[in-house]
Amino acid sequence: MARPSRSLVNPGRLAALRALVAVERGEHAEDALDDNAPSFANDRGLAWHIVLGVLRNRPGVDAVIEQAARRTVENLDPPVLAALRIGLFELRFSRVPPHAAVDQAVEACRAVGVGHASGFVNAVLRNQGRFEPPEQARTGHPAWLVERWRARYGAAADAWMEANNQPAAIYLAAKEDPAGMARAFQHAGIPLTPAGEGIFRLPEQAGAVEALPGFAEGRWWVMDPAAAAVADLVGPLAPGVEVLDACAAPGGKSFRLASRGARVFATEIGRAHV
């Protein structure tokens, strides 16, 4: 009996393709990524990087695909379109060697049962360098929003949109003893940058969050400074004061309030916790 052939596509790229197809069906990107997450942390990181990168740059990516393919993205099968988006994103926005980006997009097609389109995907990706997206599409933002922001804010709008398209930094909120938390990270060779009261920015390439010092002990949680600022609007709290967090998911604000002595009633659609 012949041994089944092994897929040649990286698990992270395969997960990214499946997640992008799910997003086209209306699923939220984070849910689609969780549903298709590969086993290994590096592969999961690659899947997240690709999916979020494609979505940030989709207007420009799709404009080039339509020029190189000579058809609209609406007329492409979702798995084929996802493979093209991944390949073009990696060709233009990553350090992946061009031949590898093209090869992986082709192999991804074969892995999800649309191998009949592999020649088409190969041709489009090898031809994409001849085309550039229209200026409006390069911003990564809807045309109506670009026009509105430029009318209101002038040149500042372009800097704002460019910043929006950068990968988001990861911030950690200390449960208690922020200084001790910073020392533990420093000892592990991961210097933290203060970004507010008890909030620290992780350096790039810090590794998987669950492997960082203090994660297993619950000494901190991932939280953006903007979300912390919302929780801090409540101001100084007396021990045991009751606070309702009526929009609690994923929980950072509730944790922030509870760590300061509040008794928090946390609610979200269909759920309630104390």
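Where does E135 lie? In this predicted model, E135 lies in the loop between α7 (118–127) and α8 (143–153). Its relative accessible area is 42%. That value falls between the 20% and 50% cut-offs, so E135 counts as partly exposed. In sequence, E135 and G60 are 75 residues apart. In space, their C-alpha atoms are 8.7 Å apart.

The protein chain has 274 residues, of which 38% count as buried. Its secondary structure comprises 12 helices and seven strands. Taken along the principal axes, the C-alpha atoms fill a box of roughly 65 × 60 × 40 Å.

Charged side chains were examined next. The count of salt bridges comes to 14. One of them joins E90 and R13, with the closest N and O atoms 2.7 Å apart. E90 belongs to helix α5 (residues 78–93) and R13 to helix α1 (residues 11–24), so this pair ties together parts that are 77 residues apart in sequence. Both E90 and R13 are buried.

A salt bridge also forms between E24 and R58, at 3.3 Å from N to O. Here too, distant parts of the chain are linked: E24 sits in helix α1 and R58 in helix α4 (residues 58–69), 34 residues apart. Are these two side chains buried or exposed? Neither term applies, because E24 has 40% relative accessibility and counts as partly exposed, and R58, at 29%, is partly exposed as well.

D232 and R256 make a further salt bridge, and their closest N and O atoms are 3.0 Å apart. D232 is in helix α11 (residues 225–232), while R256 is in helix α12 (residues 252–259). The pair links distant parts of the chain, 24 residues apart. The two partners fall into separate accessibility classes. D232 has 27% relative accessibility and so counts as partly exposed. R256 has 4% and therefore counts as buried. Some salt bridges share partners: E24, R58, D62 and R85 are joined in this way into one network.

Negative charge also gathers on the surface. A patch there is formed by E30, D31, D34 and D35. Among these residues, D35 is placed in helix α2 (residues 29–35). Its relative accessible area is 60%, so D35 is exposed.

The strands were then considered. An open sheet of four strands follows the order β2-β3-β1-β4, and its pairing is antiparallel. β2 (193–194) and β4 are the edge strands, each pairing on one side only. Strand β1 (residues 171–174) is joined to strand β3 (residues 199–201) by three bridges, and the two run antiparallel. Within this pairing, Y171 stands opposite R201. A173 stands opposite I199, also in β3. Three bridges join β1 to strand β4 (residues 220–222), again in the antiparallel sense. In β4, W221 is the bridge partner of A173. A173 thus has a partner in β3, I199, and another in β4, W221.

How are the faces of β1 covered? Y171 and A173 lie on one side, L172 and A174 on the other, and all four are buried. Both faces of this strand are therefore covered, since buried means under 20% relative accessible area.

Strand β5 (residues 242–245) shows another pattern of burial. In a regular strand, side chains alternate between the two faces of the sheet. Along β5, V243 and D245 point to one face and are buried. E242 and L244 point to the other face and are not buried. β5 pairs with strand β6 (residues 263–268) over four bridges, in the parallel sense. In this pairing, L244 stands opposite F265 of β6.

Key:
Residues are numbered from 1 along each chain as its sequence is written. This is a predicted model: local features need pLDDT of at least 70, side-chain atom pairs count only at pLDDT 80 or more; totals for chains, interfaces and linings use all residues. Side-chain values use heavy atoms; hydrogens and water are left out. A salt bridge is a side-chain nitrogen of Lys or Arg within 4 Å of a carboxyl oxygen of Asp or Glu. Buried means under 20% relative accessible area, exposed over 50%, partly exposed in between (1.4 Å probe, protein chains only). Patches are made of residues with over 30% relative accessible area and no salt bridge: like charges are joined within 9 Å, nonpolar side chains (Val, Leu, Ile, Met, Phe, Trp, Tyr) within 5 Å. Accessible areas come from the Shrake-Rupley method with a 1.4 Å probe; for residues, only the protein chains shown count as cover. Lys and Arg count as positive and Asp and Glu as negative; His and the chain ends are not counted. The place of a charge is taken as NZ of Lys, CZ of Arg, CG of Asp or CD of Glu. Two strands pair if DSSP finds at least two bridges between them.
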